[in-house]
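Subject: The structure I promised you

Hi,

Here is the structure I said I would pass on. Have a look at it first, and then read my notes below.

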Amino acid sequence: STDEKRDAVSSEGSGSAKDVESMSALAIRSRTDIEMRANLVFGVGLSALVSVPVFKTVTGLPPFLGMVAGLGTLWVLTDILHAGEDDREQLR
C-alpha cells in the first residue's frame with residue numbers, strides 16, 4: 001500500500017514520495033526556526049524593557065533614551081534575522 005501511494009504521487013507529476021517527505025521535514029524545521037527566532041526577539045525585547053532603569057542609573061540619561069536604545073537593538077536584530085529572505089522583500 002505504501003508503494004501504491006508512492007506510485008500515485010509520482011504519477012501525478014507532483015514529485016516523488018521522498019520529495020513530499022523532505023518538504024514536510026522542511027516545513028517542520030522552518031516552523032521550529034520561526035519559533036526560535038520569535039523566542040529570541042521576545043527575550044531581547046523583554047531584556048530591553050527591564051534594562052531601562054539600569055540604563056538610566058548607569059548613564060544618568062532620561063529613560064526614553066534607554067527605550068530608544070532597546071528599540072534600535074531590536075531593529076538591528078530583526079534585520080539580521082531576516083537578511084536572507086528574498087521572498088519577503090516587499091515588507092522592507
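Before anything else, one term: two residues are in contact when they have heavy atoms within 4.5 Å of each other. With that in hand, take Val44, which sits in helix α2 (residues 17-50). Leaving aside its neighbours within four places in sequence, Val44 is in contact with Thr73, Leu74 and Leu77. Leu71 can be compared by C-alpha position: it is 27 residues from Val44 along the chain, and their C-alpha atoms are separated by 9.8 Å. Is Val44 buried or exposed? Neither, in fact: Val44 has a relative accessible area of 22%, so it counts as partly exposed, because buried means under 20% and exposed means over 50%.

Now the overall picture. Please keep in mind that this is a predicted model. The average pLDDT of the protein is 78, and 63% of the residues score at least 70. Where is confidence lowest, and where is it highest? The low end is helix α1 (residues 2-11), with a mean of 49, and the high end is helix α3 (residues 52-59), at 95.

As for the fold, you will find four helices and zero strands, so reading from the N terminus the order is simply α-α-α-α. The protein has 92 residues, and 10% of them count as buried. About 7400 Å² is exposed, with carbon and sulfur atoms supplying 65% of that area. If you take the contacts between residues at least 6 apart in sequence, 39% of them join residues at least 24 apart.

Next, the surface. Which residues form a nonpolar patch there? They are Phe42, Leu46, Leu49, Val50 and Met67, and together they have about 510 Å² of accessible area. Helix α2 gives the largest share of the patch, with four residues. Met67, on the other hand, is placed in helix α4 (residues 63-81). Its relative accessible area is 39%, so Met67 is partly exposed.

Helix α4 also holds Phe64. This one is exposed, because its relative accessible area is 53%. Phe64 is twelve residues from Val52 in sequence, and the two are 8.2 Å apart in space, C-alpha to C-alpha.

Then there are the charges. Side chains of opposite charge can pair when their charged atoms come close. How many salt bridges does a search of the whole structure find? The search finds one. It is formed by Asp33 with Arg37, and their closest N and O atoms are 3.5 Å apart. Both residues lie in helix α2, four residues apart, which is about one turn of the helix. Asp33 is partly exposed at 33% relative accessibility, and Arg37 is partly exposed too, at 22%.

One last residue to find on your screen is His82, in the segment after α4. With a relative accessible area of 29%, His82 is partly exposed. Although His82 and Arg37 are 45 residues apart along the chain, their C-alpha atoms are separated by 9.8 Å.

Cheers

How values were computed
Residues are numbered from 1 along each chain as its sequence is written. This is a predicted model: local features need pLDDT of at least 70, side-chain atom pairs count only at pLDDT 80 or more; totals for chains, interfaces and linings use all residues. Side-chain values use heavy atoms; hydrogens and water are left out. Helices (H or I, at least four residues) and strands (E, at least two) are DSSP runs, numbered from the N terminus. Buried means under 20% relative accessible area, exposed over 50%, partly exposed in between (1.4 Å probe, protein chains only). Patches are made of residues with over 30% relative accessible area and no salt bridge: like charges are joined within 9 Å, nonpolar side chains (Val, Leu, Ile, Met, Phe, Trp, Tyr) within 5 Å. Accessible areas come from the Shrake-Rupley method with a 1.4 Å probe; for residues, only the protein chains shown count as cover. A salt bridge is a side-chain nitrogen of Lys or Arg within 4 Å of a carboxyl oxygen of Asp or Glu. pLDDT is the predictor's confidence in each residue, from 0 to 100.
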